[in-house]
Amino acid sequence: MGSMPEMYFNIDHGYLEGLVRGFKAGILKQGDYLNLVQCETLDDLKLHLQSTDYGNFLANEPSPLSVSVIDDKLKEKLVIEFQHLRNQCLEPLASFLDFITYSYMIDNIILLITGTLHQRPINELIPKCHPLGSFEQMEAIHIASTPAELYNALHTLLIAYLEDFYSFCNEMGGATADVMCEALQFEADRRAFIITINSFGTELSKEDRAKLYPRCGRLYPDGLSLLAKADDYDQVRAVADCYGGYRELFEGVGTNPGDKTLEDRFFEQEVKLMKNAFMQQYHFGAFYAYVKLKEQENRNIIWISECVAQRHRAKIDSYIPIF
Amino acid sequence: MGSVFRSAEMSLCQIFLQSEAAYTCVSELGELGLVQFKDLNPDVNAFQRKFVNEILRCDEMERKLRYIDKELKKDDMKIPDTGENPKAPAPKEMVDLEATFEKIESELREVNTNAEALRRNYLELSELKEVLKKTQNFFAEHGEGHHTIVDDAQNALVHDEMATTSATAVQLGFVAGVIPREKVPAFERLLWFACRGNVFLRIDEIAKPLEDPVTGDAIFKCVFIIFFQGEQLKLRVRKICEGFRATLYPCPESSQERSEMLNGVSTRLEDLNTVLHQTEDHRHRVLANCLKEIRNWIIKVKKIKAIYHTLNMCNFDVSHNSLIAECWTPVSALENVQQALSHGTELSGSTVPSILHRMHTKETPPTFFHTNKFTKVFQSIVHSYGIASYQEVNPALYTIITFPFLFAVMFGDLGHGFIMFLFGLWMVVMEKKLMSSKSDNEIWNMFFGGRYIIMLMGLFSVYTGFIYNDAFSKSLNMFGSSWHPNYSEPLLDSVETLVLDPEYEFDNVTGPYPFGLDPIWQASKNKITFTNSFKMKLSVILGIGQMLLGVMLSLVNHIYFRNPLNIFTEFIPEIVFLLCLFGYLVGLIFFKWATFTVHCSTCAPSLLIHFINMFLFSYTMPNDNFNYQCDHTNPKLTGCKATTVFYRYQNYAQIALVLGAVLCIPIMLCIKPFVLRARHNRKIRRADNLQAVSQSALIHHEEYPEEVKQILIF
């Protein structure tokens, strides 16, 4: 690409970057959410979404709507947009977009394997897979003779994937590396924290746990070795205290009403990072950020729809606003 | 004043609609199409408005209609366009419509599910048939009976030495099935990996495309047959097949059983075919019933929805049980609106009339032009540049002539123009017939929309073609040329090109060619040079005329809106600038045409060079004895050339003109913003003073009424 990739970026990827920025402009704003939470029924929700970029995406669904239909349609819309980008793109953006789908593929496999481990029929599991990560051989996964082993292998695969993606972005250099490395570091550290916290009270040994940490985050190496030794939540928190950025996340986390869960705090941080990705131009991070933001938006809409459908309005406000 | 010159005069009206008559009134107003409603609840969510339920019902009806429409399209049934425009049905008919759609939809869905099940059955049977046929062929190819092929496979799978020792001991099993063609490579690869190469796979394509039971699309599939050894491998192979959604079919081992089964399948397929045909017929009947009505239904539902959307823009007055709407309407149409309202009230059977009430407002009304089929296209050309503000001069009126004319100046061919005119005329004459046969062809629709403009462009091109004397790029000699060369025959034979001197060879008695260009130019060598110069001058004159017209129209606007500031800071400098530079140029063109005759052609100025030199302030002076008269001038004596000054004091006049034009630029750019700023500041100061005074007045119990008065006056 020469010494200044930005100069040639638009030749190959300019159209798609424009497209993805256009898609990004269609992400729901705070005002839309304020309207959505006022909905009484799912049909109201549909009516309001009609006035946004979602347009008529639910128009051909007979009333009454169900949350799962909305979920399917939301995913379908994202997949259509993503596939369009993927079909139009050139290398190295093609590899980059493939990398994004790999994580969904791995998630799907994990879902299928967990299902088979619990003796669920595969036909029941397939519809639950994320369509962005579906591939032909996926459904044949249950031929594995030793699903349990495969399950463990998958976690290593996920780590390998993160590290691979990280080095791929790092090699790209420029703004892509700046944006993506930060995002992937965050992703890796989040996994490390969550795995550690979830492992308390299970039979996972500390050595095995240490193997599950991705080694491409800001925690590597010192933070990870500290985490590996942690025995309870407070010790994890002590590790986070050493890192600016993570300390703030753990503050205000609690189980009291009004407090947020750690997961939500991480999601909020992710949204913040992804929004910043759009501040720079001529890089691939925007594509990754778009998929992540759209996913968060889908989670928000589903959350609100669930609250509306179950008439459980107390927590309807705990969606994570994006813009 | 006709509304083509300015946009129509608008008035803001308030309409009190009795709630029982509101629907019919809005329906009537909608048919009239001369009212623009204002949204009085812009802050209310879409789903919190009054008639949200009705709109949701309309959405639901539209969905059903779309479904029916899709089914019609699937069967390639074309919806006839009757050109009917049904009115919106009464609200109570909505229930009937809903019931009808519901019935049709459920009926269609039922038929479809039945048909789908049948088709699925059909697909499976035809797949089974293919599997049986292919395996039969396959086994036949590899010798009589099953065992030889098993041996074959065995040889492929088991190592040679082992085969000789234990060939008979190993019993191979097989499964046969069907898989989509595009999945074959992945399937093959996975089979190989998952079974570690211990299976033997045979694949054969089904030549005939099969039909997808749901969508009816053609799908291409392959028959496969897999040989394996042992129960575990069988389980694994079956799981892989399941994972790839390959359909497995039972395939008997012996050839006889297979052919029996094949016969059975064939008869069942035939039976199924008849049943399928019957279902298709039934479906066709259901759809045929909708076919006549669906267009009207779609229009009706659209109208109902539009009416409720409009009603959602109104305020609801609970005390009077009425809806209050605000709308813009042309003053000339007020009577029609009143009539529509009373008609609507009558239809609804309400006794209380709906009241229309004109309001006074400071808001700028919307721009509205009455157009007819002729002016519409000109108006839309003007709109593509921007829509005029309320009551501004509408340039579309002038475009009717200037647009086709300027086109013709560029096109300028009698023959081609006539063809174009005929094409336009054909479209205009056949208007009604062409309009009713609606076309989806974008290019055709563009031509048809511009039929009047095309006709006029053709007509004007015929005219300019006459002026340029160009018919299919040839000249017509209608009146006889005014040039009469009197060269002798031998001279004509020996010399290829001869010069015609206007002094001797031009017929001054009959005068110039009566209309357009003299046809003799067609034969001349310098035709292009001459016509280029002629057309260029003509274009400059017309172009500057067009600009002048535009600037003059702005003067009309400024006078109409009583805006002297714009006249002095915009119009006057603009016109001075235009006239000083380009107006002068046009003057020079006429001057040159009028004064330079054959006797002084050597002195004829080159206007282009002169115009450039005007800005460079560079002048070439002739000799002192040049008297600026066009008589038998001798250039050697007078020193006049194409670049020399050709009238007295030309240099002074031009310097003055350039300075005048340059002076206009700062006037145009600077004065208006400063005046506007000063006015704005003054307004703010006045508002501040008023506030201060009114506050102090409140504090001092209105002690200084005199002062307040003074400031109010100021």
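Visitor: Which pattern does chain A follow when read along the sequence?

Guide: Happy to walk you through this predicted model. Chain A has zero strands. Read along its sequence, chain A follows the pattern α-α-α-α-α-α-α-α-α-α-α-α-α-α. The number of helices in chain A is 14.

Visitor: What radius of gyration does chain A have, set against a compact globule?

Guide: The C-alpha trace of chain A spans about 55 × 55 × 45 Å along its principal axes. A compact globule with 323 residues would have a radius of gyration near 20 Å, so chain A agrees with that expectation at 21 Å.

Visitor: Among contacts in chain A between residues at least 6 apart in sequence, what percentage join residues at least 24 apart?

Guide: Let's start with burial: of the 323 residues of chain A, 49% count as buried. For the contacts you ask about, the share joining residues at least 24 apart is 65%.

Visitor: Which residues touch the most other members of the largest nonpolar core?

Guide: That core holds 107 residues. One good place to look is A:F165, whose contacts beyond four places in sequence include A:I100, A:M180, A:L184 and A:Y288. A:F99 and A:F96 are also in contact with A:F165. A second, separate core of 46 residues includes B:L72, B:M77, B:W297 and B:I304. In the largest core, the residues touching the most other members are A:F96 and A:F165.

Visitor: How far apart do the centres of the positive and negative side chains of chain A lie?

Guide: Chain A carries 30 positive and 46 negative side chains. The centres of these two sets lie apart by 4 Å.

Terms used. Residues numbered from 1 in each chain as written. Chains lettered and ligands numbered in written order. Predicted model: local features only at pLDDT ≥ 70, side-chain atom pairs only at ≥ 80, totals over all residues. Heavy atoms only, no water. Helix = DSSP H or I, 4+ residues; strand = E, 2+ residues; numbered from the N terminus. Rg over C-alpha atoms; globule rule 2.2 N^0.38 Å. Buried < 20%, exposed > 50% of the residue type's maximum accessible area, 1.4 Å probe, protein only. Contact = heavy atoms within 4.5 Å. Lys, Arg positive; Asp, Glu negative; His and termini not counted. Charge placed at Lys NZ, Arg CZ, Asp CG, Glu CD. Core = buried A, V, L, I, M, F, W, Y, C linked by side-chain atoms within 4.5 Å.
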